[in-house]
Amino acid sequence: MKTKFIKYNNLFKIMYLGELLFLHDGIMNVRNTIVQKIYGENIKILDMCTGIGENVINISKLKKSAEITAIDISPKAIQILQKRILRKKIQNVHIKKMDAGRTNFEDGEFNYVLISLVLHELESKYIDRILNESKRLIRDKGELIVTEWKKPSSFFKKLKFQFLYLIEPSDFKKFLKMDLKKYLEDRDLRVKEVISSNYTITYFCETNIDNNI
């Protein structure tokens, strides 16, 4: 498997720069869009392949009653996120080193499972492993929220987007042409809603009723 694991020591600042350039885009801020679509009190949320933890940090601020779990297979990513959580004095985030395709959580343990800007870095067989594991972990009436990059339409934004081609896998352009909605639906996920921002697209999915735990 040719999964690309980022050297966090060298690329942490670049990753954060990418957050500022592409994801914190005023009213089109995809991180805020995700939070606004998470409903309920005392819910359980899993962020798979959490990386530097932008999702969980943002959610923890606005969903203080939620129990949030962040997992990543990279020890360095875990170390960085732990430091960020301590520095920000966040109390409702639990961090675990774990393979997203083979977790040790119980069936139907989470109300929401998040996979953000991850799938484009993986081979299809590992994408399927993560999606299957996500379906196992989502409880009845829960949601899988998948965010991926989307090639922008305007000339200026296309110029900015070139930055990603420098740091993403070699087949990144090929991934961008993929019909991800169809890919998800072919794997027994029902896409309830799709929200696009300038540089990303987010799919809000539920498992088909016959597959719900």
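This briefing describes the sheet, the helices packed on it, the largest pocket and the confidence of the model.

The structure is a predicted model, and its protein chain averages a pLDDT of 87, with 85% of the residues scoring at least 70. Its strands include an open sheet of 7, with mixed pairing, while the space in the largest pocket comes to about 350 Å³.

**The sheet**
- Read across the sheet, the strands follow the order β3-β2-β1-β4-β5-β7-β6, and the edge strands, each of which pairs on one side only, are β3 (93–97) and β6 (189–196).
- From one strand to the next, the twist averages 20 degrees.
- Strand β5 (residues 138–149) and strand β7 (residues 200–207) run antiparallel and are joined by 6 bridges, and Leu144 stands opposite Cys205 in β7.

**Helices on the sheet**
- Helix α4 (residues 75–88) packs on the sheet, where it touches β2 (67–72) and β3, and its direction makes about 165 degrees with that of β3.
- Helix α5 (residues 124–137) also packs on the sheet, touching β1 (44–48), β4 (110–116), β5, β6 and β7, and its direction makes about 150 degrees with that of β5.

**The largest pocket**
- The lining of this pocket is made of 14 residues, and those nearest its centre are His120, Leu122, Glu123, Ser124 and Asp171.
- Helix α5 and helix α7 (172–176) each supply at least two residues of that lining, which divides into 6 nonpolar, 3 polar and 5 charged residues.

**Confidence**
- Over residues 1–8 the pLDDT is below 50, although this stretch has 23 contacts in the model beyond near neighbours in sequence.
- Where pLDDT is low, the predicted coordinates should not be read in detail.

Notes
Residues are numbered from 1 along each chain as its sequence is written. This is a predicted model: local features need pLDDT of at least 70, side-chain atom pairs count only at pLDDT 80 or more; totals for chains, interfaces and linings use all residues. Side-chain values use heavy atoms; hydrogens and water are left out. Two strands pair if DSSP finds at least two bridges between them. Helices (H or I, at least four residues) and strands (E, at least two) are DSSP runs, numbered from the N terminus. Axes are lines fitted to C-alpha atoms, for helices over the stretch in contact, and angles run from 0 to 180 degrees between N-to-C directions. Contact means heavy atoms within 4.5 Å. On a 1 Å grid over the protein atoms alone, a cavity is a set of points where a 1.4 Å probe fits but cannot get out, and a pocket is an open set with protein on both sides within 12 Å along at least five of seven lines; lining residues have an atom within 4 Å of a point. Grid points are joined across faces, edges and corners, and a volume is the space filled by probe spheres set on the points. Ala, Val, Leu, Ile, Met, Phe, Trp, Tyr, Cys and Pro count as nonpolar, Asp, Glu, Lys and Arg as charged, and the others, Gly among them, as polar. pLDDT is the predictor's confidence in each residue, from 0 to 100.
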